[in-house]
Number of protein chains: 4
Amino acid sequence: MAGSSFGELFRVSTFGESHGAALGAVVDGCPPGLALCEADIQQALDRRRPGNNRYTTARREPDQVEILSGVFEGKTTGTPIGLLIRNTDQRSQDYSQIKDAFRPGHADYTYQHKYGFRDYRGGGRSSARETAMRVAAGAIAAKLLAQQGIEIRAGLTQMGDIKAQQLDWTTVNDNDFFCPDATVVSDFEQLIRRLRKEGDSIGAKIHLQATGLPPGWGEPVFDRLDADLAKALMSINAAKAVAIGDGFAVVAQRGSEHRDEMTPEGFCSNHAGGVLGGISTGQTLTADVAFKPTSSISVSGKTIDRFGQPQAIITKGRHDPCVGIRAVPIVEAMTALVLVDHWLRHRAQNADVSVDTPVI
Amino acid sequence: MAGSSFGELFRVSTFGESHGAALGAVVDGCPPGLALCEADIQQALDRRRPGNNRYTTARREPDQVEILSGVFEGKTTGTPIGLLIRNTDQRSQDYSQIKDAFRPGHADYTYQHKYGFRDYRGGGRSSARETAMRVAAGAIAAKLLAQQGIEIRAGLTQMGDIKAQQLDWTTVNDNDFFCPDATVVSDFEQLIRRLRKEGDSIGAKIHLQATGLPPGWGEPVFDRLDADLAKALMSINAAKAVAIGDGFAVVAQRGSEHRDEMTPEGFCSNHAGGVLGGISTGQTLTADVAFKPTSSISVSGKTIDRFGQPQAIITKGRHDPCVGIRAVPIVEAMTALVLVDHWLRHRAQNADVSVDTPVI
Amino acid sequence: MAGSSFGELFRVSTFGESHGAALGAVVDGCPPGLALCEADIQQALDRRRPGNNRYTTARREPDQVEILSGVFEGKTTGTPIGLLIRNTDQRSQDYSQIKDAFRPGHADYTYQHKYGFRDYRGGGRSSARETAMRVAAGAIAAKLLAQQGIEIRAGLTQMGDIKAQQLDWTTVNDNDFFCPDATVVSDFEQLIRRLRKEGDSIGAKIHLQATGLPPGWGEPVFDRLDADLAKALMSINAAKAVAIGDGFAVVAQRGSEHRDEMTPEGFCSNHAGGVLGGISTGQTLTADVAFKPTSSISVSGKTIDRFGQPQAIITKGRHDPCVGIRAVPIVEAMTALVLVDHWLRHRAQNADVSVDTPVI
Amino acid sequence: MAGSSFGELFRVSTFGESHGAALGAVVDGCPPGLALCEADIQQALDRRRPGNNRYTTARREPDQVEILSGVFEGKTTGTPIGLLIRNTDQRSQDYSQIKDAFRPGHADYTYQHKYGFRDYRGGGRSSARETAMRVAAGAIAAKLLAQQGIEIRAGLTQMGDIKAQQLDWTTVNDNDFFCPDATVVSDFEQLIRRLRKEGDSIGAKIHLQATGLPPGWGEPVFDRLDADLAKALMSINAAKAVAIGDGFAVVAQRGSEHRDEMTPEGFCSNHAGGVLGGISTGQTLTADVAFKPTSSISVSGKTIDRFGQPQAIITKGRHDPCVGIRAVPIVEAMTALVLVDHWLRHRAQNADVSVDTPVI
C-alpha cells in the first residue's frame with residue numbers, strides 16, 4: 001500500500017535507492033517448476049543497463065543479479081524468489097548543489113513535501129535505477145509467458161519529430177535505439193549528438209505489442225487488462241501518456257470505422273488494440289507510451305532551495321539525453337508483469353471454462 | 001481480485017448488470033463524521049443519468065439511490081456505506097439477435113471466452129450502466145475532498161474534429177455536452193444530429209483538472225498518483241488513452257522546455273500536469289482521456305455468432321451517438337476516488353511530516 | 001482495508017447495521033457456471049436466524065435474501081453477486097438508556113473511541129446481525145466446495161461445564177443446540193432455562209470438521225490455511241480462542257506422541273488437525289472455537305456513560321442466553337470462505353502440479 | 001497472495017530458505033523520520049537466534065542483518081527498507097534420508113503435494129529459519145510502537161506439565177527460557193535435559209501482553225485486532241492454538257462474571273484481554289499461544305517416501321527440544337507487526353476523531 005509492490009497473484013515488491021547499498025526484489029507467486037537461472041534474468045538486465053549503449057548514460061554498473069531464494073536444482077519452487085543487485089558505481093560525488101535545491105522536473109520537491117526529508121543522492125528512490133528490478137522480475141514473467149506462446153516486444157518509434165515509418169521487429173535489436181525502423185536510425189543518432197552538444201534532452205514514444213494472447217484474459221470493471229496496463233506503463237519513470245490500440249485517434253473516428261468487424265476467418269481490423277471490455281480478444285495487444293525528455297540537462301534552470309531561496313541549477317554528469325531509449329526493456333517488463341498476473345487470475349477463476357465458440 | 005473493487009483505503013466494490021435487478025456498491029473506509037444524505041449522491045447521478053440530456057440515450061432510468069448503511073443521524077459512521085439503485089427500465093426486449101451473435105466493438109466475444117457463458121441482456125456487467133455506482137461513490141469522495149479545498153472538474157473538449165478552443169469552467173454545466181467552450185456547442189449539436197441521421201457515432205476527448213491539491217500526495221514507484229489515475233480513467237467503458245499534463249506532446253519537447261522551473265513565487269509552468277515522480281506538486285492536476293465512438297450503431301456490421309457462423313448486426317434502440325458526453329461525470333468520479341484514496345494513504349504514513357520548506 | 005472484506009480471490013464485502021435499512025454483501029470472484037438460486041442461500045440463513053429456535057433470541061426476522069446480480073438463467077456468471085436482506089423488525093425501541101452509556105462487554109466503548117460517535121441502535125455495525133451476510137456468502141462457498149467433495153460441519157460441544165461426549169453428526173441438526181451428542185441435550189435445555197430465570201448467560205465451545213480436502217491447499221509462511229482459519233473464526237462476534245487439531249493440549253505432549261506417523265495405508269493419527277506447515281494434509285481439518293457468554297443480560301452491571309458518569313445498566317429485551325448456539329452456522333460459513341479462497345489460490349499457482357507421490 | 005507478505009499499511013514481504021543463500025525482507029510503509037540502524041534490529045535477532053541459548057539448537061548462525069535501503073543519515077526515508085541476512089552455516093549435510101522420505105510432523109508431505117517438488121534441505125521455506133525476518137521486521141515495528149508508549153512482552157509460561165505461577169516481567173530475560181517465573185526455571189532445565197537424553201521433545205505455552213495501547217485501534221467485522229493477532233500468531237511455525245484474554249475459559253463463564261464492568265476509575269477486570277468488538281479498549285492486550293513439540297526428534301518414527309514405500313526416520317542433528325522457547329521473540333515480533341499496522345490504519349481513517357468521553 002506504500003507503493004512499491006505490483007501485481008495481485010504474481011506480486012513483485014522492490015526496494016533500493018540510486019546510491020544505496022543495493023537494489024532488490026521479492027517475486028511472490030511464481031508457479032513451481034519453471035526452469036530459471038541467473039543468466040535468464042541477466043540477459044534482460046543487460047539490455048537495459050547504463051553503459052551498454054553509446055546513446056545512453058555513461059554510468060557504469062555491471063548490474064549483476066543474484067537469485068537468493070525460490071529456485072532449487074534449477075527450477076522455481078513456488079516460494080518467493082529473492083533478487084539482489086549490489087550498487088557498485090557509487091562515486092563519492094559532490095551533492096552540495098542538490099542537497100538543498102530542488103532540480104526542476106525531478107521528484108526532489110515532491111519527495112521533500114511527502115516525507116519531510118529525502119535521500120538526495122542521485123534522486124534516491126525516485127531514480128530510474130529502481131527500474132532494474134522491474135526488468136529482473138519481468139524476465140521471470142516473460143519466461144512464463146513464452147511457455148504459453150506469448151511474446152512481448154517494444155520499440156522506439158519516435159524521438160522528437162523523427163518518426164519510425166515501419167515496424168520491422170527483426171531489426172529492433174540491431175541498433176542502439178531499439179528502433180524497429182532501420183531507416184531512421186541515423187537521424188536519431190544525429191539528433192542525440194546535437195542534443196549532447198547543446199546539453200539538452202528530448203522526449204520519445206515507444207510502441208508495444210504482445211502476440212499469442214488467448215481471448216478471455218482480464219477482469220471486468222476496474223481491473224481491466226488495458227487499465228492495469230495503463231497503470232503499469234504510466235508508473236515507469238518519465239511516462240506521461242498511454243494509449244491502447246488507436247489511442248487518441250479514436251476521438252475523430254466514427255463507430256462504423258472503429259468497431260472491429262468479425263468474420264469466420266477472424267477480426268477484420270484491430271483498432272481496439274486487442275482488448276474489448278477490458279478482456280483480451282486474442283488479437284495482438286498494442287499500446288503506445290510517451291516519455292518526457294530527461295530533466296537532468298546542462299542548460300541552466302531556475303529553481304528554489306528548501307529554504308525558499310532562488311537558485312540556478314545545472315545537472316552535470318552521466319545522463320541520457322533521451323530516457324525513452326532505455327525505457328524500451330522496462331515497457332516490455334511491465335507488460336510481462338501485467339500479463340502474467342492476469343494469466344494466474346484467469347486460472348484461478350475460469351479454470352473450468354470451456355467455450356462452445358470456435359476459436360477464430 | 002476479480003476486478004470489481006477499486007481503492008486501497010477508500011475501497012469501492014460494485015455489483016450489478018445492465019438489465020438485472022439492481023446496481024449496488026459498498027464503500028468501505030469513509031472516515032466518520034462526514035455529513036451525507038441521499039441528495040448529495042443523487043445530484044451527481046442526475047448529471048450522468050440517461051434520459052437527462054437531449055444528446056444522449058433516451059433510456060429512462062430514475063437512478064434513485066438509496067443509502068442502506070454507514071450513515072447515522074446524517075453523518076457517516078466510519079462503517080461501510082451500502083448504496084443501491086433498482087433497475088426500473090427493464091423493457092422486455094427481444095434479445096434473439098444478440099443472444100448468440102457477438103456485437104462488434106462490444107465485450108460480447110471476450111465475455112463469452114472468459115466465462116464460457118454470458119448475460120446477453122444489454123451487455124450485462126460490461127454495460128456502461130455499471131458506471132452509475134462509480135458516480136455514486138465518487139460523490140462521497142468528492143464531498144470529502146471539497147472539505148480539503150480540492151475541486152475536480154472535467155469537460156468535453158473534442159468531438160470528432162471539433163475542438164474546444166478555451167476552458168471556461170463557468171459555462172461547462174450550461175450545455176448538454178459538458179463543454180467548457182460555449183462557442184463550439186452548436187457545432188457539437190449539428191454533428192450529433194448528422195450522426196443520428198446516419199445511424200453512426202463519434203469519439204470524444206475529455207479534459208480533467210483538479211485544483212487545491214497539496215504537494216506530497218501519491219506513492220513512489222508503482223502506486224504513483226498519475227499511474228493510479230491512468231488506471232482509474234482507462235477503466236471507464238470506451239476509454240482508449242490517458243495523458244497527464246502535456247501527454248503525447250512531450251515526445252517532441254526538449255528538456256529545457258518541458259521541465260517546469262521554479263521561483264520563490266512558484267512554478268513557472270505546468271507541463272508536468274501537477275505530478276512529479278508520481279507525487280503531487282501542488283499545481284493543478286491535468287489530464288486528458290480519449291473515448292472511442294460507441295459500437296452500438298444502426299449501420300450494419302459483420303460479425304459471427306458463437307457457433308462461428310457469419311452474421312450481419314444492427315444495434316437498434318436507445319444509444320448515445322457519443323459516449324464521451326456522459327463520461328464526463330464518470331471521469332470526475334474516478335478522479336475523486338483516486339485522490340481520496342491517496343489522501344488517506346498520506347494520512348496513514350506521513351501524518352507527522354512537517355516540511356521546512358515554505359509552501360510556494 | 002477498513003475491515004469489512006474477507007478473502008483474496010473469493011472476496012466478500014459486507015455492509016449493514018443491526019437496525020439500519022438492510023444488510024448486504026458483494027461476493028466477487030465466484031467462478032462462472034455454478035447453479036445458484038435464492039433457496040440455496042435461504043436454507044443456510046434459516047439455520048442461523050433468530051426466532052427459528054426456542055433457545056435463542058425471540059427477535060423475529062424473516063431474513064429473506066435477494067440475489068441482485070451475478071446470476072443469469074440459474075447460473076453464476078463470474079461477475080459479482082450482490083446479496084440483500086432488508087431489516088424488517090426495527091421496533092421503535094427506547095434507546096435512551098444506551099444512547100450515552102457503554103454496555104459492559106459490548107463494543108459501545110471501543111466504537112465511541114474509534115469513530116468519535118456511534119450508531120447506538122442495537123449495537124449498530126458491531127451487532128451479530130452482521131453475521132447473516134457471512135452465512136449467505138458462506139452458502140455459496142459451501143456449494144462450490146461440495147462439488148469438490150468437501151463437506152464442512154460444526155457442532156456445539158460444550159456449554160458451561162456440560163460437555164458432549166461424542167461426535168455423532170447424524171443427530172447434530174435434530175436438536176436446537178446443533179449438538180452432536182443427543183445425550184447432553186436435556187442438560188443444555190435445563191441450563192438455558194436456569195439462565196433465563198436468573199437473567200444470566202453462558203459461554204460455549206464449537207467443534208469444527210472439514211472432510212474431503214485434498215492435500216496441498218494453503219500458502220506457506222503467513223497465509224497458512226490454519227492461520228487464515230484462525231483469523232476467520234476469531235473474527236466472529238464473541239469468539240475468544242481458536243485451536244487447530246489438538247490445540248492447547250499440545251503444550252503437554254511429547255514430539256513422539258504428537259507427530260502423526262505415516263504408513264502406506266495413510267496417517268496413523270491426526271493430532272495436527274489436517275494441516276502441516278500451513279498446508280492441508282488431506283486428513284480431516286479439525287478446530288475448536290470458544291465463545292464468550294453474551295453480555296446482554298438482565299443482571300445489573302456497573303458502567304459509565306460518555307461523560308464519564310457512573311451508571312447501572314440492565315439489558316432488556318430479546319437476547320440469546322448463549323450466543324454460541326447460533327454461532328454454529330457462522331463457524332461453518334467462515335470455514336467455507338477460507339477453504340474456497342485457498343482452492344482458488346491453489347488453482348492459480350499450482351494448476352499444473354502433478355505429484356509423483358501415490359495419494360495415501 | 002502467495003502467502004509471504006503480512007500487513008496492509010506496514011507491509012512485510014519475506015523470502016529465503018533454511019539452506020539457501022540468504023534470508024531477506026522488504027518492509028514497505030514505515031513512516032519517515034524513525035531513527036534506525038542495524039544494531040536496533042540485531043538486538044532483536046540476537047534474542048531469537050540459534051546457538052545463543054543453552055537450551056535451544058546448537059546451529060551456529062551469526063544472523064548478521066544488513067539494511068540495504070530505506071534509511072538515510074540514520075533515519076527512515078519512508079521508502080521500502082530492504083533487509084538481508086546471509087546464511088553462513090550451510091553444512092554440506094547428507095540429505096539422502098530425507099530427500100525422498102516425508103518427516104512425520106513436518107511440512108515435507110504437504111509441500112510435495114502443493115508444489116509437486118520441494119527444496120528438501122532443512123525444510124526449505126517451511127523451516128523456522130524464515131522467522132528471523134519476522135523478528136527483524138518486528139524490531140522496526142516495535143521501535144515505532146515504543147514511541148507511542150506501547151510495550152510488548154512475551155514469556156514461556158508452560159512447558160509440558162510445568163506451569164509458571166507468576167508473571168514477573170523483570171526476570172523474563174534473566175533465564176534461557178524467557179520464563180517470567182524464576183521459580184520454575186530449574187524444573188524447565190531438568191525437563192529439557194531429560195528430553196535430550198530420550199531424544200524427544202515437548203510442547204509449550206507462551207503468554208503475551210501489550211501495554212500502552214490507546215482505545216480505538218482495530219477494524220470492525222473481519223479485520224478485528226484480535227482476529228489479525230490470531231492469524232499472526234497462528235502463522236508462526238508449530239503454533240496450534242491462540243487465546244485472547246480468558247480464552248477457552250470463557251466457555252464455562254457466566255455473562256455476569258465475564259463482562260468487564262466499568263467505573264469512572266476504569267475497567268474493574270480484564271477478562272476480554274483488552275479487545276471489545278475487535279477494537280482495543282485501552283487495557284492491557286493479553287493472549288496465549290500453544291506450540292507443539294518439535295517433530296525433529298531422534299526417536300524413530302514411521303513414514304513413507306514419495307514412492308509410497310514405508311520408511312523409518314530419525315532426525316539427527318541440531319534441533320530444539322522445545323521450539324516454544326525460541327518462539328518468544330517471534331510472538332513479540334508478530335504482535336508488533338499487527339499493532340503497527342492497525343496504528344497506521346487508525347491514522348488513515350480516524351485522524352480527525354475527537355472523542356467527548358473522558359479517557360478512563
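This note goes through the relation of two chains and one helix pair in a predicted model.

1. Basis. Because the model is predicted, local features need pLDDT of at least 70 and side-chain atom pairs count only at pLDDT 80 or more, whereas totals for chains, interfaces and linings use all residues. Residues are numbered from 1 along each chain as its sequence is written, chains are lettered from A in the order in which they are written, and side-chain values use heavy atoms, with hydrogens and water left out.

2. Chains A and B. A turn of 180 degrees with a shift of 0.0 Å along the axis lays chain A on chain B with an RMSD of 0.0 Å, the superposition being by least squares on the C-alpha atoms of residues with pLDDT of at least 70 in both copies. The two copies are thus related as by a two-fold rotation axis. In chain A, the C-alpha nearest this axis belongs to A:Lys231, at 2.4 Å.

3. Helices H6(C) and H6(D). The axes of helix H6 (residues 225-234) of chain C and helix H6 (residues 225-234) of chain D come within 8 Å and cross at roughly 160 degrees, which makes H6(C) roughly antiparallel to H6(D) (angles over 145 degrees count as such). Helices here are DSSP runs of H or I with at least four residues, numbered from the N terminus.

4. Burial of H6(C). Helix H6(C) is mostly covered, with 10 of its 10 residues buried (under 20% relative accessible area, with a 1.4 Å probe and protein chains only). Among the buried residues are C:Asp226, C:Asp228 and C:Lys231.

Terms used
Axes are lines fitted to C-alpha atoms, for helices over the stretch in contact, and angles run from 0 to 180 degrees between N-to-C directions. Helices (H or I, at least four residues) and strands (E, at least two) are DSSP runs, numbered from the N terminus. Angles under 35 degrees count as roughly parallel, over 145 as roughly antiparallel, 65 to 115 as roughly perpendicular and the rest as oblique. Buried means under 20% relative accessible area, exposed over 50%, partly exposed in between (1.4 Å probe, protein chains only).
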